[in-house]
Amino acid sequence: MELLKEIAHISGKPGLYRILKPTRTGVIVETIDEKKGRTVVGANARVSVLKEISVYSDSEEGSKPLPDIFAAIREKHGEKVEIDAKNASETELRDFLGEVFPEFDREKVYASDIRKMISWYNLLSAYLPEVFEVKEENTEEEKAA
């Protein structure tokens, strides 16, 4: 999930983007889809890196990182979430998130947030599956240490 530090959502634009490199006026990004379109996003755009996004919870920590939720979704649903995020009811969406993250804060997490999570997960799974690969080298290094 280290690759998520290169993946971002840009407010006001659909989909996800891979951050390629900075420029003097912003950053060059590439769409995560079959087109792989590149564009420059200005410095005043709201860019949210997925690795830094958290979801509100009722637990003591107060939130859970999005990569952990994606890992739980991968474990329960495999490569694709079959729920139609655009047409699913609020109850279906909340039941889905409750299945993978039971302690999410039902007052602070909106149905639109869950829709985004599902669509982002499916996008990443389809066009950037290496995001979900667990690096075994790190695990072996940690064991040795």
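**View 1. The hairpin of β3 and β4 in this predicted model**. Strands β3 and β4 run antiparallel and are joined by 5 bridges. Within this pairing, Val-27 of β3 has Val-41 of β4 standing opposite. The two strands form a hairpin, and 6 residues lie between them. β3 covers residues 26-31 and β4 covers residues 38-42, with Lys-36 placed in the loop that lies between these strands.

**View 2. Lys-36 in the turn between β3 and β4**. The backbone of Lys-36 has a phi near 55 degrees, which is a positive value in a residue other than glycine. Most residues other than glycine have a negative phi. Is Lys-36 buried, partly exposed or exposed? Lys-36 has a relative accessibility of 37% and therefore counts as partly exposed, a class that lies between under 20% for buried and over 50% for exposed. Lys-36 is also one of the residues that Thr-31 touches, and Lys-36 takes part in lining the largest cavity.

**View 3. Thr-31 in strand β3**. Thr-31 has a relative accessibility of 17%, and because buried means under 20%, Thr-31 counts as buried. A polar contact of 2.8 Å links the side chain of Thr-31 with the side chain of Asp-33. When residues up to four places away in sequence are not counted, Thr-31 touches Leu-16, Tyr-17, Lys-36 and Gly-37.

**View 4. The lining of the largest cavity**. The structure holds 1 cavity of 30 Å³ or more, and the volume of the largest cavity is about 30 Å³. Which residues line the largest cavity? The lining is made by Arg-18, Glu-30, Thr-31, Ile-32, Lys-36 and Leu-128. Sorted by class, this lining has 3 charged, 2 nonpolar and 1 polar residues. Thr-31, which takes part in this lining, lies in strand β3, while Lys-36, also in the lining, lies in the loop between β3 and β4.

**View 5. Strand β1 and its two partners, β2 and β5**. Strand β1 is joined by 2 bridges to strand β2, residues 17-22, and these strands run antiparallel. β1 and β2 form a hairpin with 6 residues between them, and in its turn Gly-12 has a positive phi of about 90 degrees. β1 also pairs in the antiparallel sense with strand β5, residues 47-49, over 3 bridges, and in β5 Ser-48 is the bridge partner of His-9. Both faces of β1 are covered, with Ile-7 and His-9 buried on one side and Ala-8 and Ile-10 buried on the other.

**View 6. Ala-8 in strand β1**. The relative accessible area of Ala-8 is 0%, and Ala-8 is therefore buried. Which residue of β2 stands opposite Ala-8? Tyr-17 of β2 takes that place. Tyr-17 is also among the residues that Ala-8 touches, together with Leu-16, Ile-19, Val-47, Ser-48, Val-49 and Leu-50, where residues up to four places away in sequence are not counted. From C-alpha to C-alpha, Ala-8 and Glu-99 are 25 Å apart in space, and they are 91 residues apart in sequence.

**View 7. The buried residues of helix α2**. In helix α2, which covers residues 90-100, the buried residues are Leu-93, Arg-94, Phe-96, Leu-97, Gly-98 and Val-100. Two helices, α1 (66-77) and α3 (111-127), are included in what covers these buried residues of α2.

Notes: Residues are numbered from 1 along each chain as its sequence is written. This is a predicted model: local features need pLDDT of at least 70, side-chain atom pairs count only at pLDDT 80 or more; totals for chains, interfaces and linings use all residues. Side-chain values use heavy atoms; hydrogens and water are left out. On a 1 Å grid over the protein atoms alone, a cavity is a set of points where a 1.4 Å probe fits but cannot get out, and a pocket is an open set with protein on both sides within 12 Å along at least five of seven lines; lining residues have an atom within 4 Å of a point. Grid points are joined across faces, edges and corners, and a volume is the space filled by probe spheres set on the points. Ala, Val, Leu, Ile, Met, Phe, Trp, Tyr, Cys and Pro count as nonpolar, Asp, Glu, Lys and Arg as charged, and the others, Gly among them, as polar. Helices (H or I, at least four residues) and strands (E, at least two) are DSSP runs, numbered from the N terminus. Buried means under 20% relative accessible area, exposed over 50%, partly exposed in between (1.4 Å probe, protein chains only). Two strands pair if DSSP finds at least two bridges between them. A polar contact is a pair of N or O atoms within 3.5 Å; within protein, one must be able to donate a hydrogen and the other to accept it, and residues adjacent in sequence count only if both atoms are side-chain atoms. Contact means heavy atoms within 4.5 Å.
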